[in-house]
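Visitor: Could you walk me through this one and tell me how you know what you say about it?
Guide: Sure, let's have a look together.

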Number of protein chains: 2
Amino acid sequence: MTHPSFPMDLHQVEVPPPQSFFNSLKYSLKETFFPDDPLRQFKNKPPSKKFMLALQYFFPIFQWAPKYTFHFFKSDLIAGITIASLAIPQGISYAKLANLPPILGLYSSFIPPLIYAMMGSSRDLAVGTVAVGSLLMGSMLSSEVNPNEDPNLYLHLAFTATLFAGVFQAALGLFRLGLIVDFLSHATIVGFMGGAATVVCLQQLKSILGLVHFTHGADIISVMRSVFSQTHEWRWESAVLGFVFIFFLLITRYFSKKRPRYFWVSAMAPLTSVILGSLFVYFTHAEKHGVEVIGELKKGLNPPSLTNLVFVSPYMSTAVKTGMVVGIISLAEGIAVGRSFAMYKNYNIDGNKEMIAIGTMNIVGSFTSCYLTTGPFSRSAVNYNAGCKTAASNIIMSIAVMLTLLFLTPLFHYTPLVVLSAIIVSAMLGLIDYEAAIHLFKIDKFDFVVCMSAYFGVVFGSVEIGLVIAIAISVLRVLLFIARPRTFVLGNIPNSMIYRNVEHYPNAKRVPGILILEIDAPIYFANASYLRERITRWIDEEEDRLKATGETSLQYVIIYMSAVGNIDTSGISMLEEVKKITERRELQLVLVNPVSEVMKKLNKSKFQNHLGEKWIYLTVEEAVVACNFNLRASKMNPKKEESEGWNSV
Amino acid sequence: MTHPSFPMDLHQVEVPPPQSFFNSLKYSLKETFFPDDPLRQFKNKPPSKKFMLALQYFFPIFQWAPKYTFHFFKSDLIAGITIASLAIPQGISYAKLANLPPILGLYSSFIPPLIYAMMGSSRDLAVGTVAVGSLLMGSMLSSEVNPNEDPNLYLHLAFTATLFAGVFQAALGLFRLGLIVDFLSHATIVGFMGGAATVVCLQQLKSILGLVHFTHGADIISVMRSVFSQTHEWRWESAVLGFVFIFFLLITRYFSKKRPRYFWVSAMAPLTSVILGSLFVYFTHAEKHGVEVIGELKKGLNPPSLTNLVFVSPYMSTAVKTGMVVGIISLAEGIAVGRSFAMYKNYNIDGNKEMIAIGTMNIVGSFTSCYLTTGPFSRSAVNYNAGCKTAASNIIMSIAVMLTLLFLTPLFHYTPLVVLSAIIVSAMLGLIDYEAAIHLFKIDKFDFVVCMSAYFGVVFGSVEIGLVIAIAISVLRVLLFIARPRTFVLGNIPNSMIYRNVEHYPNAKRVPGILILEIDAPIYFANASYLRERITRWIDEEEDRLKATGETSLQYVIIYMSAVGNIDTSGISMLEEVKKITERRELQLVLVNPVSEVMKKLNKSKFQNHLGEKWIYLTVEEAVVACNFNLRASKMNPKKEESEGWNSV
């Protein structure tokens, strides 16, 4: 008896060309740690050129300085002066957040920008201290040493923590571990930043209300209890001053946002507030009516602090822990800010290189009386809007701060703390990105949950708790994706040879007698037993459905494996089990398009041989044609098929 | 001017039919927690039937008991007696591993099997104590209470830990959290079991060498130091006896393995050893020559232990921690064993139901002087080989143990400890599955690393360290898969309309002017920035290649998204950025076959509109045809294309 002639040429699923273990290891390591291929530019270059390129790689200043023009300088000068006018009041304010002397904020805006200007690859990042980092550092260090009781030890601990933050950041960059920062998702950062901003604003209630006593806790409950249990301490003078300045700052920000040409209005507003506030106090002697002022600021440049570093236990472990946490958080902010502006201007930023630059800047900073610095978003945005061209704007800012340190510190004597609080509050309100949260809610509920957990974790717990919860949920989501991959039934889209998910494409038709399943995740230990159960259930349901409708009984189960990126040994055992299950039900298992990694392992584990090479096809269409061909053949000659087909399986 | 006519009908990528948030949440929850759909059988049944089904669901004995036959009973009787003969010496030996009185091993083989016989769904699992669980419990509890100094408190702590293990196991089952066990991969278990077996064997050196002093550490270094620093304590009498029995037990095992019909030879060997050893000691008075014996065993059944449970700190937290760790480890063993045998006999085991059964058995056990029990592999294998038909074989075993407790305990007075050690060593050697490790090495190097870390972690560190390392590496692998997904260039397989990875199919040809990329993992925050960089690099490399060969310049970048199972908001931002990057380079971005989850989000986030609906195709082939059509059109009428095409993008 003749068989019907086979309707098409079939394509073979090939075992990928063999590759030595070391080659594939090399490839994986390269993709994991050098995805941006930084050595690419060094290829086929003479040694002198290679040296120059390496120098430029680690010190981008050698790249842009030779091409520097007077036109660039004019732009950088304006931008530099603008950010300096923001850096001075912000520096003083944020240092207070970290429970450090205000002068440290100025010190930290002098040395680190110079380092970054040489080593950084961003043209827009403006270096300085950040609110969230300062708060985090303050709360972590205060739990070990009371800044009021032992201010010197506390100060030295802050330098030590900054050193460790820098070492940790630079090490991450050197060892190409930038991928750790990738695990802080956008949703986590939105929630975390919003929460931290809320907490920072709450802390400002102390100086705005002129309270003498205040809680050491940062969570909303401690703060509210502290505020409302001491209503008798509230000072209306201070509060009025505070709200006036907050209003002024917000108005200028709103104005500049509406008219980007007048960016300098909002950029200058903090310094203007400081001047106005200081003059007001000077003339009204408000410091005698409950309005606290900064007081004496020491004249002169950064004193060295190398000998102040503390390397004795138990302080050292606190410094290491604080350094790692604040290091990674400030790294995430700095890199995200650098990347965003690089995107606007269409140039590239190497995350690992940035880590080295930021790390070095903190290491050097810790030797010169600076504390944690990175690239704050607000200041960098002002820098960008002011039209900076290169990192030289940081040098200009640094010079301006230097001049302030040398000659102008006495002017800050009468600056009221409440103005600094107003500056912080207005900056922080911009960080509460409720629009991003709404966007998350609309598009991805899970991301919204992550964001809200980070926010509430920070506001009701602490900065660390919020961060840990958000990262844990994000990682859980990834694990859950792997643990419970989706499986779909595919159907044929009418008048085509395309097979797609029948739930997504309701007009796709199931093929009689054949169940086509798609698995959309790698098959790993974490999902192997789930997939076995799920596939069994799909077969059960399909058989029930067919029984109910009285269609052709099920004969083939096709598993479409395009989206199975990898498989491990548990996964292969799972396939073996599925093969046994289908055999026992007299079904033939068919695999379609295993990708190279999977095909390699199917081949090595002999599963390919167990299944029979002819049951692995390159496309669903070819598999369906082959199955249909066999179905027809078995109908024409049932006995023959039985003796040749099922028994030999 | 007329355009060339379009060569084919294109298929639309549809936005999936809208589904309410609660429906999709319900679906996800169901797939996560009820993948096996246990309520399926309850559908469309009258209430009385539903009640019966629920009873049978929780107590499978109601399912099989009514159909029980004399033929079944004969098989179960033989199997039950066989496993009892194994259970008695093993029970006594393993109790010593946990630093507990030997009689507890017998108690634990009496009550728990009865509970399991009612609630368990496996027909082959033989219940009892396990070596690894006993060792783990012993080492964790000893770190809190010294079993020699305060044996009563230690005993009560063991009952409490058993209670918490049971509660934890049952809770996991009730809350359908069986998926936690899935995170113990096959590779982890092979390494962990091998390591634990090695450690257990090392511990036996104490009684085999007849040492009086021995280390409390379980790691190989402490044990070796302890053994070789006290060579003067070694007793040759004990050592000779030990090695003779180990040899005897291994020989019988080898024999039974070669001839499965004589399974009872190896099953009876331990009891035979115990009898021979006891007789030998009785007649030679070897107990006076350094051969330690069990001594007095109390006659009588399990005393109640409900009132002995310890719920006071600091012991309670130790009990909770120990309970959770040993609970999950013994659960993993019990479920894996149950599943393997169910696979052979072609029936199904519900993991969550098994957890409830094993948990209940431990809870009841903790009230009746039993300690941690589960389904040990060795005993279950003997049960299976002895031809058990139902869980009734556990009842037979239980009765045999009961008779032993009532009448035969005095016979164990002269049983030498060294025989028990020999029994443990011979059982443990079977757990060191070096063949599985070789298999892992051949197929999946990463799994091999996981396996070896678990092994060496257990042997050189401790059982907990090994477990933590292995799980951490396994999870890291999953995270790394997500963080660094593979991307491929696709090419056209000659004489077909199929596009596949050019590295896997070296004969596949790249399409001139079009770069086709495939991403093989979900796009999440953890890989979004990597993918952006990697895609940019693919484009760079392709442009360099084209420049070098002088081919048509690049015009289209097609991203084939079949394998992108999901996307989060960071992923969508990444696509937006890639779109901007391609635009700036005057390339058109084209997406192919986004799956339903992804399409939903592209639609909600308006990315679909930004890209233009016409740049999303259902198959690579259609996208290529459309791109080629546009390419040709632009060549025929370049000006028109420029004004209509690129500028409008």
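Guide: Let's start with a term: two strands pair if DSSP finds at least two bridges between them. This is a predicted model, by the way. In strand β5(A), Val592(A) is the bridge partner of Tyr560(A).

Visitor: How do you know that β4(A) and β5(A) pair?
Guide: Pairing takes at least two bridges. β4(A) and β5(A), residues 588–592, are joined over five bridges, in the parallel sense, so they pair. Between them the chain goes through helix α24(A), residues 569–584, and that β-α-β crossover is right-handed.

Visitor: What about β3(A), how many bridges join that strand to β4(A)?
Guide: Five bridges again, and β3(A), residues 514–519, runs parallel to β4(A). Here the chain crosses through helix α23(A), residues 525–549, and this crossover is right-handed too. Glu518(A) stands opposite Tyr560(A).

Visitor: Why is β4(A) called largely enclosed?
Guide: A residue counts as buried if 20 or more other C-beta atoms lie within 10 Å of its own. Five of the five residues of β4(A), 556–560, are buried, so the rest of the structure largely encloses this strand. Both faces are covered: Tyr556(A), Ile558(A) and Tyr560(A) on one side, Val557(A) and Ile559(A) on the other. In a regular strand, side chains alternate between the two faces of the sheet.

Visitor: What makes chain A more spread out than a compact globule?
Guide: Chain A has 28 helices and six strands. Its radius of gyration is 32 Å, and the globule rule gives 26 Å for 649 residues; 32 Å is well over that, so chain A is more spread out than a compact globule. The C-alpha trace spans about 110 × 70 × 55 Å along its principal axes.

How values were computed
Residues numbered from 1 in each chain as written. Chains lettered and ligands numbered in written order. Predicted model: local features only at pLDDT ≥ 70, side-chain atom pairs only at ≥ 80, totals over all residues. Buried ≥ 20, exposed ≤ 12 C-beta atoms within 10 Å, placed from the backbone. Helix = DSSP H or I, 4+ residues; strand = E, 2+ residues; numbered from the N terminus. Right-handed = clockwise from strand over helix to strand, strands pointing away. Rg over C-alpha atoms; globule rule 2.2 N^0.38 Å.
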